[in-house]
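Got your viewer open? Load the model below, switch to a cartoon view, and keep the selection box handy.

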Amino acid sequence: MENSDTGDGFTAHHIFRNPTRIQAYTYDDIILMPGHMSTSATDISLHSKISRKIRLKVPILSSPMDTVTEHEMAIAMALQGGIGVIHYNMTIDEQQNEVRQVKKYKNGFITDPACLSPKDKIKDLLVLKENCGFSGVPITEDGKIGSKLVGIVTNRDIDFIEDKETLLGDIMTSKLVTAPAEVSLSEANDLLRKAKKGKLPVVSTDGKLVALISRTDLKKSRDFPDASKDSKAQLLVAASIGTRPDDRNRAKALVEAGVDVIVIDSSQGDSVFQLDLIKHLKSTYPTLQVIGGNVVTARQAYHLIQAGADGLRIGMGSGSICTTQEVCAVGRAQATAIFNTSTLANKFGVPVIADGGISSTGHIVKALSVGA
(Lines give C-alpha, C1' and ligand atoms only; values in the text may rest on other atoms or scores of the structure.)
Protein backbone atom coordinates (compact mmCIF):
# COMPACT_ATOMS: atom_id res chain seq x y z
CA MET A 1 0.00 0.00 0.00
CA GLU A 2 1.56 3.41 -0.32
CA ASN A 3 4.58 5.45 0.61
CA SER A 4 2.79 8.79 0.24
CA ASP A 5 6.01 10.81 0.11
CA THR A 6 7.07 9.33 -3.20
CA GLY A 7 3.72 8.47 -4.70
CA ASP A 8 4.54 4.76 -4.91
CA GLY A 9 1.54 2.48 -4.54
CA PHE A 10 -1.80 3.47 -3.02
CA THR A 11 -3.12 4.22 0.43
CA ALA A 12 -5.63 1.83 1.99
CA HIS A 13 -8.30 4.52 1.74
CA HIS A 14 -7.62 4.94 -1.97
CA ILE A 15 -7.86 1.19 -2.55
CA PHE A 16 -10.91 0.40 -0.47
CA ARG A 17 -12.91 3.64 -0.40
CA ASN A 18 -12.27 5.24 -3.79
CA PRO A 19 -15.73 5.73 -5.37
CA THR A 20 -14.27 5.09 -8.81
CA ARG A 21 -13.14 1.61 -7.76
CA ILE A 22 -15.87 -1.03 -7.51
CA GLN A 23 -13.62 -4.01 -6.83
CA ALA A 24 -13.51 -5.89 -3.54
CA TYR A 25 -10.16 -7.31 -2.48
CA THR A 26 -9.06 -10.54 -0.88
CA TYR A 27 -5.78 -10.90 1.00
CA ASP A 28 -4.11 -12.22 -2.16
CA ASP A 29 -5.11 -9.08 -4.09
CA ILE A 30 -3.01 -6.74 -1.97
CA ILE A 31 0.61 -6.52 -0.85
CA LEU A 32 2.24 -4.22 1.69
CA MET A 33 5.05 -2.01 0.47
CA PRO A 34 8.18 -1.80 2.65
CA GLY A 35 9.08 1.38 4.47
CA HIS A 36 11.93 2.53 6.69
CA MET A 37 12.55 0.30 9.71
CA SER A 38 13.83 2.09 12.81
CA THR A 39 13.15 -0.53 15.51
CA SER A 40 13.94 -4.17 16.20
CA ALA A 41 11.32 -6.84 15.73
CA THR A 42 11.54 -7.55 19.47
CA ASP A 43 10.32 -3.99 20.15
CA ILE A 44 7.03 -4.58 18.34
CA SER A 45 3.94 -5.11 20.47
CA LEU A 46 1.10 -7.22 19.13
CA HIS A 47 -1.17 -6.48 22.08
CA SER A 48 -4.68 -6.18 20.65
CA LYS A 49 -8.22 -5.90 21.93
CA ILE A 50 -10.75 -8.54 20.94
CA SER A 51 -13.56 -6.72 22.75
CA ARG A 52 -14.04 -3.41 24.49
CA LYS A 53 -12.42 -4.67 27.71
CA ILE A 54 -10.30 -7.70 26.86
CA ARG A 55 -6.80 -7.32 25.48
CA LEU A 56 -4.57 -10.18 24.34
CA LYS A 57 -0.79 -10.21 24.02
CA VAL A 58 -1.11 -12.45 20.95
CA PRO A 59 -4.03 -11.43 18.67
CA ILE A 60 -5.09 -14.94 17.67
CA LEU A 61 -8.27 -16.86 18.48
CA SER A 62 -9.07 -20.49 17.80
CA SER A 63 -12.33 -21.11 15.97
CA PRO A 64 -15.54 -22.32 17.70
CA MET A 65 -15.64 -25.50 15.61
CA ASP A 66 -16.10 -29.00 17.01
CA THR A 67 -12.93 -30.08 15.21
CA VAL A 68 -10.91 -27.22 16.68
CA THR A 69 -11.68 -25.95 20.17
CA GLU A 70 -12.54 -27.70 23.41
CA HIS A 71 -10.84 -27.18 26.77
CA GLU A 72 -7.44 -28.59 25.75
CA MET A 73 -7.14 -26.18 22.83
CA ALA A 74 -8.55 -23.28 24.87
CA ILE A 75 -5.93 -23.86 27.58
CA ALA A 76 -3.14 -24.06 25.00
CA MET A 77 -4.30 -20.86 23.31
CA ALA A 78 -4.54 -18.93 26.57
CA LEU A 79 -1.10 -20.08 27.71
CA GLN A 80 0.40 -18.72 24.49
CA GLY A 81 -1.32 -15.34 24.91
CA GLY A 82 -4.36 -15.89 22.69
CA ILE A 83 -7.80 -17.24 23.51
CA GLY A 84 -9.89 -20.24 22.51
CA VAL A 85 -13.60 -20.19 21.68
CA ILE A 86 -15.26 -23.42 22.79
CA HIS A 87 -17.83 -24.67 20.28
CA TYR A 88 -21.48 -25.32 21.15
CA ASN A 89 -22.00 -28.58 19.25
CA MET A 90 -22.60 -30.34 22.58
CA THR A 91 -25.06 -30.24 25.43
CA ILE A 92 -25.23 -27.21 27.71
CA ASP A 93 -23.79 -29.22 30.61
CA GLU A 94 -20.92 -30.47 28.47
CA GLN A 95 -20.01 -26.99 27.25
CA GLN A 96 -20.30 -25.61 30.78
CA ASN A 97 -17.87 -28.29 31.95
CA GLU A 98 -15.43 -27.42 29.14
CA VAL A 99 -15.37 -23.80 30.34
CA ARG A 100 -14.91 -24.87 33.95
CA GLN A 101 -11.92 -27.01 33.05
CA VAL A 102 -10.21 -23.99 31.50
CA LYS A 103 -11.05 -21.66 34.40
CA LYS A 104 -9.86 -24.07 37.08
CA TYR A 105 -6.59 -24.73 35.26
CA LYS A 106 -3.59 -23.30 37.05
CA ASN A 107 -0.21 -23.15 35.41
CA GLY A 108 1.76 -25.83 37.22
CA PHE A 109 -1.34 -27.31 38.89
CA ILE A 110 -2.88 -30.56 37.60
CA THR A 111 -6.52 -30.17 38.59
CA ASP A 112 -7.75 -33.52 37.25
CA PRO A 113 -4.89 -35.97 37.94
CA ALA A 114 -5.35 -39.65 37.20
CA CYS A 115 -5.75 -41.54 40.49
CA LEU A 116 -5.86 -45.15 41.59
CA SER A 117 -7.12 -46.84 44.76
CA PRO A 118 -5.31 -49.07 47.29
CA LYS A 119 -7.23 -52.05 45.83
CA ASP A 120 -5.83 -51.49 42.35
CA LYS A 121 -2.80 -53.50 41.29
CA ILE A 122 0.62 -52.83 39.84
CA LYS A 123 -0.67 -54.00 36.46
CA ASP A 124 -3.30 -51.23 36.57
CA LEU A 125 -0.60 -48.69 37.28
CA LEU A 126 1.48 -49.96 34.35
CA VAL A 127 -1.49 -49.59 31.99
CA LEU A 128 -2.04 -46.02 33.21
CA LYS A 129 1.65 -45.24 32.84
CA GLU A 130 1.72 -46.63 29.28
CA ASN A 131 -1.36 -44.65 28.25
CA CYS A 132 -0.53 -41.37 29.97
CA GLY A 133 3.19 -41.45 30.67
CA PHE A 134 2.84 -40.68 34.39
CA SER A 135 5.70 -41.66 36.69
CA GLY A 136 3.83 -40.93 39.94
CA VAL A 137 0.17 -41.58 40.71
CA PRO A 138 -1.73 -40.43 43.81
CA ILE A 139 -3.69 -43.11 45.66
CA THR A 140 -7.07 -42.11 47.06
CA GLU A 141 -9.67 -44.13 48.94
CA ASP A 142 -11.91 -44.64 45.90
CA GLY A 143 -9.36 -43.93 43.14
CA LYS A 144 -10.83 -40.56 42.20
CA ILE A 145 -9.98 -36.90 42.60
CA GLY A 146 -11.89 -35.38 45.51
CA SER A 147 -11.48 -38.49 47.62
CA LYS A 148 -9.25 -38.79 50.71
CA LEU A 149 -5.56 -39.06 49.83
CA VAL A 150 -3.92 -42.14 51.35
CA GLY A 151 -0.63 -42.44 49.47
CA ILE A 152 1.35 -42.14 46.24
CA VAL A 153 3.09 -44.71 44.04
CA THR A 154 6.13 -43.88 41.91
CA ASN A 155 8.54 -45.92 39.82
CA ARG A 156 10.76 -46.44 42.84
CA ASP A 157 7.94 -48.31 44.57
CA ILE A 158 7.44 -50.86 41.79
CA ASP A 159 10.81 -51.20 40.06
CA PHE A 160 11.84 -54.46 41.74
CA ILE A 161 8.45 -56.11 42.27
CA GLU A 162 7.84 -58.91 39.76
CA ASP A 163 4.31 -59.85 40.87
CA LYS A 164 2.10 -57.45 38.93
CA GLU A 165 -0.93 -58.58 40.94
CA THR A 166 0.45 -56.84 44.03
CA LEU A 167 -2.00 -54.36 45.54
CA LEU A 168 -0.93 -50.72 45.43
CA GLY A 169 -2.04 -50.36 49.04
CA ASP A 170 0.75 -52.73 50.06
CA ILE A 171 3.56 -50.80 48.38
CA MET A 172 2.44 -47.15 48.29
CA THR A 173 4.28 -44.43 50.14
CA SER A 174 1.87 -43.19 52.79
CA LYS A 175 4.10 -40.65 54.55
CA LEU A 176 3.60 -37.67 52.25
CA VAL A 177 4.54 -34.06 51.88
CA THR A 178 1.36 -32.21 50.92
CA ALA A 179 0.26 -28.62 50.35
CA PRO A 180 -2.97 -26.89 51.42
CA ALA A 181 -5.59 -26.04 48.79
CA GLU A 182 -4.81 -22.32 48.96
CA VAL A 183 -1.08 -22.79 48.22
CA SER A 184 0.43 -20.42 45.65
CA LEU A 185 2.67 -21.54 42.82
CA SER A 186 5.76 -19.99 44.39
CA GLU A 187 5.01 -21.61 47.76
CA ALA A 188 4.54 -24.98 46.06
CA ASN A 189 7.86 -24.55 44.31
CA ASP A 190 9.57 -23.96 47.66
CA LEU A 191 7.94 -27.04 49.17
CA LEU A 192 9.02 -29.24 46.27
CA ARG A 193 12.56 -27.94 46.40
CA LYS A 194 12.90 -28.50 50.15
CA ALA A 195 11.28 -31.95 50.06
CA LYS A 196 13.21 -32.98 46.93
CA LYS A 197 10.06 -34.58 45.54
CA GLY A 198 8.77 -34.82 42.00
CA LYS A 199 5.09 -34.60 42.94
CA LEU A 200 3.25 -32.50 45.51
CA PRO A 201 -0.38 -33.42 46.31
CA VAL A 202 -2.67 -30.50 47.14
CA VAL A 203 -5.28 -31.42 49.73
CA SER A 204 -8.28 -29.79 51.40
CA THR A 205 -8.55 -29.31 55.15
CA ASP A 206 -10.25 -32.72 55.47
CA GLY A 207 -7.46 -34.49 53.57
CA LYS A 208 -9.16 -34.84 50.19
CA LEU A 209 -7.05 -34.57 47.04
CA VAL A 210 -7.94 -31.45 45.04
CA ALA A 211 -4.90 -31.14 42.74
CA LEU A 212 -1.40 -32.34 42.05
CA ILE A 213 1.69 -30.24 41.42
CA SER A 214 4.52 -31.64 39.33
CA ARG A 215 8.08 -30.34 39.34
CA THR A 216 8.05 -30.71 35.55
CA ASP A 217 4.91 -28.59 35.24
CA LEU A 218 6.34 -25.95 37.54
CA LYS A 219 9.25 -25.62 35.16
CA LYS A 220 6.85 -25.31 32.26
CA SER A 221 5.02 -22.46 33.98
CA ARG A 222 8.07 -20.29 33.36
CA ASP A 223 7.62 -20.78 29.62
CA PHE A 224 4.32 -18.90 29.36
CA PRO A 225 4.90 -15.28 30.42
CA ASP A 226 2.29 -14.03 27.93
CA ALA A 227 -0.57 -16.21 29.19
CA SER A 228 -4.03 -14.60 28.90
CA LYS A 229 -5.45 -14.31 32.43
CA ASP A 230 -8.27 -12.55 34.24
CA SER A 231 -8.06 -10.51 37.46
CA LYS A 232 -8.06 -13.75 39.48
CA ALA A 233 -5.07 -15.11 37.53
CA GLN A 234 -7.31 -17.68 35.81
CA LEU A 235 -6.93 -18.34 32.10
CA LEU A 236 -9.25 -16.46 29.78
CA VAL A 237 -11.76 -18.51 27.82
CA ALA A 238 -14.51 -17.74 25.32
CA ALA A 239 -17.47 -19.89 24.33
CA SER A 240 -19.91 -19.73 21.45
CA ILE A 241 -23.69 -19.87 21.38
CA GLY A 242 -26.28 -19.70 18.62
CA THR A 243 -29.33 -17.46 18.31
CA ARG A 244 -32.04 -19.98 19.22
CA PRO A 245 -34.28 -19.31 22.26
CA ASP A 246 -32.57 -22.06 24.27
CA ASP A 247 -29.20 -20.37 23.78
CA ARG A 248 -30.18 -17.92 26.52
CA ASN A 249 -30.11 -20.86 28.93
CA ARG A 250 -26.78 -21.92 27.45
CA ALA A 251 -25.37 -18.43 28.02
CA LYS A 252 -26.59 -18.48 31.64
CA ALA A 253 -24.78 -21.77 32.28
CA LEU A 254 -21.59 -20.48 30.66
CA VAL A 255 -21.63 -17.32 32.78
CA GLU A 256 -22.06 -19.47 35.90
CA ALA A 257 -18.99 -21.45 34.81
CA GLY A 258 -16.96 -18.23 34.59
CA VAL A 259 -16.75 -17.65 30.84
CA ASP A 260 -15.03 -14.37 29.93
CA VAL A 261 -16.44 -13.86 26.43
CA ILE A 262 -19.58 -15.05 24.68
CA VAL A 263 -19.23 -15.34 20.90
CA ILE A 264 -22.49 -15.46 18.99
CA ASP A 265 -21.77 -17.88 16.17
CA SER A 266 -23.93 -17.20 13.13
CA SER A 267 -23.14 -17.03 9.42
CA GLN A 268 -25.49 -14.02 9.12
CA GLY A 269 -25.01 -11.82 12.14
CA ASP A 270 -27.26 -8.93 11.17
CA SER A 271 -30.55 -10.54 12.15
CA VAL A 272 -33.33 -9.58 14.54
CA PHE A 273 -32.57 -12.80 16.45
CA GLN A 274 -28.97 -11.81 17.14
CA LEU A 275 -29.80 -8.19 17.92
CA ASP A 276 -32.39 -9.30 20.50
CA LEU A 277 -29.91 -11.80 21.97
CA ILE A 278 -27.15 -9.20 22.32
CA LYS A 279 -29.54 -6.81 24.07
CA HIS A 280 -30.63 -9.61 26.41
CA LEU A 281 -27.06 -10.61 27.27
CA LYS A 282 -25.85 -7.07 27.89
CA SER A 283 -28.85 -6.19 30.07
CA THR A 284 -28.71 -9.44 32.04
CA TYR A 285 -24.91 -9.66 32.40
CA PRO A 286 -23.60 -6.08 32.08
CA THR A 287 -19.94 -7.00 32.62
CA LEU A 288 -19.97 -9.94 30.20
CA GLN A 289 -18.11 -9.32 26.94
CA VAL A 290 -20.22 -10.23 23.90
CA ILE A 291 -18.81 -10.63 20.39
CA GLY A 292 -21.36 -10.57 17.57
CA GLY A 293 -21.19 -11.63 13.96
CA ASN A 294 -20.56 -12.60 11.36
CA VAL A 295 -20.86 -9.43 9.30
CA VAL A 296 -19.03 -7.93 6.31
CA THR A 297 -20.53 -4.46 5.80
CA ALA A 298 -20.40 -1.24 7.80
CA ARG A 299 -24.21 -1.17 8.02
CA GLN A 300 -24.31 -4.66 9.52
CA ALA A 301 -21.55 -3.72 11.96
CA TYR A 302 -23.44 -0.60 13.02
CA HIS A 303 -26.57 -2.59 13.86
CA LEU A 304 -24.66 -4.97 16.14
CA ILE A 305 -22.76 -2.12 17.82
CA GLN A 306 -26.00 -0.28 18.50
CA ALA A 307 -27.39 -3.45 20.08
CA GLY A 308 -24.43 -3.49 22.47
CA ALA A 309 -21.81 -5.80 20.92
CA ASP A 310 -18.34 -5.45 22.46
CA GLY A 311 -16.57 -6.94 19.44
CA LEU A 312 -17.34 -8.16 15.92
CA ARG A 313 -16.40 -11.17 13.83
CA ILE A 314 -15.83 -10.25 10.20
CA GLY A 315 -16.09 -12.77 7.38
CA MET A 316 -18.69 -14.45 5.23
CA GLY A 317 -17.70 -17.21 2.84
CA SER A 318 -13.96 -16.58 3.14
CA GLY A 319 -13.06 -19.70 5.14
CA SER A 320 -11.40 -22.63 3.41
CA ILE A 321 -14.40 -24.93 3.96
CA CYS A 322 -17.12 -22.26 4.01
CA THR A 323 -19.67 -22.56 1.19
CA THR A 324 -21.79 -19.48 1.90
CA GLN A 325 -20.67 -17.62 -1.20
CA GLU A 326 -21.15 -20.66 -3.44
CA VAL A 327 -24.46 -21.85 -1.99
CA CYS A 328 -26.12 -18.56 -1.07
CA ALA A 329 -24.28 -16.14 -3.42
CA VAL A 330 -23.71 -13.91 -0.38
CA GLY A 331 -20.47 -12.62 1.10
CA ARG A 332 -17.61 -10.25 0.50
CA ALA A 333 -13.89 -10.36 -0.19
CA GLN A 334 -12.21 -10.44 3.21
CA ALA A 335 -9.71 -7.57 3.00
CA THR A 336 -12.40 -5.15 1.86
CA ALA A 337 -14.83 -6.44 4.50
CA ILE A 338 -12.33 -5.88 7.32
CA PHE A 339 -11.33 -2.39 6.20
CA ASN A 340 -14.88 -1.10 5.86
CA THR A 341 -16.24 -2.62 9.07
CA SER A 342 -13.20 -1.63 11.15
CA THR A 343 -13.33 1.95 9.86
CA LEU A 344 -16.86 2.20 11.23
CA ALA A 345 -16.29 0.16 14.39
CA ASN A 346 -13.21 2.18 15.39
CA LYS A 347 -15.42 5.22 15.83
CA PHE A 348 -17.26 3.37 18.60
CA GLY A 349 -14.21 1.73 20.19
CA VAL A 350 -15.29 -1.75 19.08
CA PRO A 351 -12.56 -4.14 17.84
CA VAL A 352 -13.10 -6.41 14.84
CA ILE A 353 -11.83 -9.95 14.37
CA ALA A 354 -10.83 -11.29 10.96
CA ASP A 355 -12.62 -14.63 10.78
CA GLY A 356 -11.63 -16.93 7.94
CA GLY A 357 -9.48 -16.73 4.86
CA ILE A 358 -6.16 -17.01 6.69
CA SER A 359 -3.92 -19.53 4.94
CA SER A 360 -0.47 -18.05 5.62
CA THR A 361 1.32 -15.86 8.14
CA GLY A 362 1.34 -13.10 5.53
CA HIS A 363 -2.46 -13.11 5.57
CA ILE A 364 -2.35 -12.44 9.33
CA VAL A 365 -0.16 -9.39 8.74
CA LYS A 366 -2.48 -8.14 6.00
CA ALA A 367 -5.56 -8.65 8.19
CA LEU A 368 -3.98 -6.63 11.00
CA SER A 369 -2.88 -3.91 8.59
CA VAL A 370 -6.39 -3.33 7.24
CA GLY A 371 -7.99 -3.10 10.67
CA ALA A 372 -8.34 -6.49 12.42
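Here's a warm-up: which residue in β12 is the bridge partner of Ile241? Select Ile241 and look across to the neighbouring strand: the partner is Ile264. Keep in mind throughout that this is a predicted model.

**Stop 1: strand β11**

Select residues 238-241, which form β11. Show the side chains: Ala238 and Ser240 point one way, while Ala239 and Ile241 point the other way. Each of these four residues is buried. As a rule, side chains in a regular strand alternate between the two faces of the sheet.

**Stop 2: the neighbours of β11**

Add residues 261-264, strand β12. β11 and β12 run parallel and are joined by four bridges. Besides the Ile241 and Ile264 partnership, you can pick out Ser240, which stands opposite Val263 in β12.

Now add residues 83-86 for β4. This strand is also parallel to β11, with two bridges between them. Label Ile86 and you'll find it opposite Ala239 of β11.

**Stop 3: over the helix**

How does the chain get from β11 to β12? Select residues 247-257, helix α9. Together, β11, α9 and β12 make a right-handed β-α-β unit.

**Stop 4: the whole sheet**

Widen the selection to the seven strands of the open sheet, in the order β3-β4-β11-β12-β13-β14-β15, with parallel pairing. Then colour β3 (61-62) and β15 (352-354), which stand at the edges. Each has a single partner strand, so one side of each is left without a neighbour in the sheet.

**Stop 5: out to a loop**

Jump to Ser45, in the loop between α1 (12-17) and β1 (48-49). Is Ser45 buried or exposed? It counts as exposed because its relative accessibility is 51%, and the cut-off for exposed is over 50%. Try the distance tool from Ser45 to Ile30: the two are 15 residues apart in sequence, and their C-alpha atoms are 24 Å apart in space.

**Last stop: zoom out**

Select everything. The chain has 14 helices and 15 strands, and its C-alpha trace spans about 85 × 50 × 35 Å along the principal axes. Of the 372 residues, 43% are buried. Put on a surface and you're looking at about 19500 Å² exposed, with carbon and sulfur atoms supplying 52% of it. Colour by charge to see 43 positive and 42 negative side chains; the centres of the two sets lie 5 Å apart.

Key:
Residues numbered from 1 in each chain as written. Predicted model: local features only at pLDDT ≥ 70, side-chain atom pairs only at ≥ 80, totals over all residues. Heavy atoms only, no water. Buried < 20%, exposed > 50% of the residue type's maximum accessible area, 1.4 Å probe, protein only. Areas by Shrake-Rupley, 256 points an atom, 1.4 Å probe, with all protein chains shown as cover. Lys, Arg positive; Asp, Glu negative; His and termini not counted. Charge placed at Lys NZ, Arg CZ, Asp CG, Glu CD. Pairing = 2+ DSSP bridges. Right-handed = clockwise from strand over helix to strand, strands pointing away.
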